[in-house]
Amino acid sequence: MRVCVIGTGYVGLVTGACLAEIGHSVICVDKNTAKVSLMQSGKSPIFEPGLEEIMQSNMQAGRLQFTTDLAVGIEHGEIVFIAVGTPALPSGESDTRYVEAVARGIGSNLNGGYKVIVNKSTVPIGSGNWVQRMIIDAIAERQQDITGFDVVSNPEFLREGSAVYDTFNPDRIVLGSNSPRAIAMMQKLYAPIIERKFTVDNYLLPPVPMVITDLASAEMIKYAANAFLATKISFINEIANICDRVGADVTHVAKGIGLDSRIGSKFLQAGIGWGGSCFPKDVSALIHTAKDYGYDAQLLKTTVSVNKRQRLLIVEKLQQVLKILKGKTIGFLGLTFKPNTDDLRDAPAGDLLQALNRLGAKVKAYDPVISQVEADVTLVTDPEQLAQGCDALVLITDWQHFHNLDYAKLAKLMTNPVMIDGRNFFNPEDMAKAGFYYVGIGRPTTANGLRSTSALPTVTNELLAVS
Ligand code: UDX
């Protein structure tokens, strides 16, 4: 089928490249000329495992093109995806001006036969009808006969860092529309994915489940899924904070509750809280929509406030161990909101960094994919440079290869070998063996599992003497 994808952010570019990979002819449109030139040379503007490879092979096969010309893209597509950003406004509402501009652009350029317009951007509930209205208005201004179109909401659930894998292996495909014709075209578009033609071991798995519904319900599914996952994380973080006080280990608690199939084991990893381009923006937008319709979404507000507090928990933990932070040097292992991405949007590291700077601490950071930041932090290029002279290391991002560093060597390079594990990523005993005073989130502090408050380990006594 012929596809046009408007907007080449995470969702748009991954969708375009993956639809080309399953055999469709795709034109991706973006108004950013520099970005389009970069993609035309086979380079991805985002760090996403596997993406560049499928971009290049499909460009070579002639199935994937990039342009800044909206008219060219729309002319080409039987199915036109709107995949532009909907960033949060300072009020927490979604900024829909890009979706609006694209809807008008589609109306002004619509031509040829029947087309399906697909909302892939996470848009406020009710936007499907609004997009339809704007396209109709733009067509009316042209006073031309247009064969017709329908709007479908097709929310995206891909995760950064595993976006290509997620696109080929979705848990479900959601399609919202009142047009059976449009739904049938979307089913045809996704047929290779639904039939798992691009899944390893596809013969073991049933077809991908489809949820076919109306526009507003499809839009709501996206918000409800993200709000639920964010709430699940805030929940386990709250349990972790209680564990810290009563001497329980949240990693065991998460395992114990996660094995209940009604709860499920995923998204029960306690830590420094959730961030990124989706959860913060979508939970705030849902709270706003609820308010617009006269409902106070108290649970969701608490999900957000628990997360805000969780981001600063590390400051408390550093103060407990190092006491005065003014003049101390803290090293961040990782900066991004999660591993396998170079995305710093709404990363917990940002809030933590500001708080530490405010308290007079100096912050150094090592991140395997970040070489430039605007914040007040000294970036170093390897873990040894990071550890050199630090009073504490804080594990911010759980990159798998951080398991393979020589921690005994790092501990020796530090002024005080303290490890605050913001993701419960390490085995506390391994850290103790490497010479660290280890502090996790909601789990025992010392290697032998005893929580020590009055009897602080030797290293901490030295620390107290230093401060
Ligand atoms: C999320 C949704 O998972 C995805 O379906 C949607 O399309 C976009 O938003 P993403 O933002 O890429 O994807 O990241 P995700 O892997 O969901 O993690 C979000 C945040 O939650 C990260 O900061 C991560 O570190 C944190 N997290 C996740 C936890 O703190 N604990 C967990 O158990 C899981």
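Arg345 sits in the loop that runs between β9 (329-333) and α14 (348-358). The model is predicted. Arg345 counts as partly exposed, because it has 16 C-beta neighbours inside 10 Å. Setting aside neighbours within four places in sequence, Arg345 is in contact with Gly276 and Ser277. Gly276 also belongs to the residues closest to the ligand.

**Annotated positions**

Arg345 is one of the positions that an unreviewed UniProt entry annotates as "binding site". The annotation also covers Asp30, Lys35, Thr86, Thr122, Glu160 and Lys281. Do these positions gather at one spot, or do they not? They span 316 residues in sequence and the farthest two C-alpha atoms are 24.1 Å apart, so they do not all gather at one spot.

Thr86 is another of the annotated positions. Its place is the loop between β4 (79-82) and α5 (97-109). Thr86 counts as buried, because 20 C-beta neighbours lie inside 10 Å; the cut-off for buried is 20 or more. Leaving out neighbours within four places in sequence, Thr86 is in contact with Ser94, Asp95, Thr96, Val99, Ser121, Thr122 and Val123. Of these partners, Thr122 carries the "binding site" annotation as well.

**The ligand shell**

The ligand is surrounded by 19 residues. The closest are Glu160, Gln269, Trp274, Gly276 and Cys278. Glu160 appears in the "binding site" annotation too. By class, the shell has 10 nonpolar, five polar and four charged residues. Which helix gives the largest share of the shell? Helix α9 (residues 215-246) does, with three residues. Domain 1 (2-213) and domain 2 (222-309) both give residues to the shell, so the ligand lies between them.

**Domains and overall form**

The domain assignment gives domain 1 (2-213), domain 2 (222-309) and domain 3 (312-466). How far apart are the C-alpha centres of domain 1 and domain 2? They lie 29 Å apart. The contact between the two takes 11 residues from domain 1 and 11 residues from domain 2. On the side of domain 1 that touches domain 2, six residues are nonpolar, three are polar and two are charged.

An unreviewed UniProt entry annotates residues 331-428 as "domain: UDP-glucose/GDP-mannose dehydrogenase C-terminal". Over residues 331-428, the chain is 24% helix and 18% strand. The end C-alpha atoms of this stretch are 19 Å apart.

The protein as a whole has 18 helices and 14 strands. Its C-alpha atoms fill a box of roughly 80 × 50 × 45 Å along the principal axes. What radius of gyration would a compact globule with 467 residues have? It would be near 23 Å; the protein has 25 Å, which agrees. Buried residues make up 45% of the 467 residues. Among contacts between residues at least 6 apart in sequence, 71% join residues at least 24 apart.

**A mostly covered helix**

Helix α13 (residues 313-322) is mostly covered, with seven of its 10 residues buried. The buried residues are Leu313, Ile314, Val315, Lys317, Leu318, Val321 and Leu322. An α-helix has 3.6 residues a turn, so residues three or four places apart point the same way. In α13, Ile314, Lys317, Leu318 and Val321 are among the buried residues. After α13 comes Lys323, with a positive phi near 60°.

**Around helix α3**

Gln56 is found in helix α3. With 16 other C-beta atoms within 10 Å, Gln56 is partly exposed. Gly62 follows in the loop between α3 (51-60) and β3 (64-67). Is Gly62 buried or exposed? Gly62 counts as exposed, because it has 9 C-beta neighbours inside 10 Å; the cut-off for exposed is 12 or fewer.

Both residues also serve as ends of long sequence separations, set out below.

| Pair | Apart along the chain | C-alpha separation |
|---|---|---|
| Gln56 and Lys338 | 282 residues | 26 Å |
| Gly62 and Lys362 | 300 residues | 51 Å |

Definitions and conventions
Residues are numbered from 1 along each chain as its sequence is written. This is a predicted model: local features need pLDDT of at least 70, side-chain atom pairs count only at pLDDT 80 or more; totals for chains, interfaces and linings use all residues. Helices (H or I, at least four residues) and strands (E, at least two) are DSSP runs, numbered from the N terminus. UniProt positions are given in the numbering used here, feature names are shortened, and annotations may be inferred rather than shown by experiment. A residue is near a molecule or strand if its C-beta atom, placed from the backbone, lies within 6 Å of it. Ala, Val, Leu, Ile, Met, Phe, Trp, Tyr, Cys and Pro count as nonpolar, Asp, Glu, Lys and Arg as charged, and the others, Gly among them, as polar. Domain bounds come from an automatic or database domain assignment. Two residues are in contact if their C-beta atoms, placed from the backbone, lie within 7 Å. The radius of gyration is taken over C-alpha atoms; the globule rule is 2.2 Å times the number of residues to the power 0.38.
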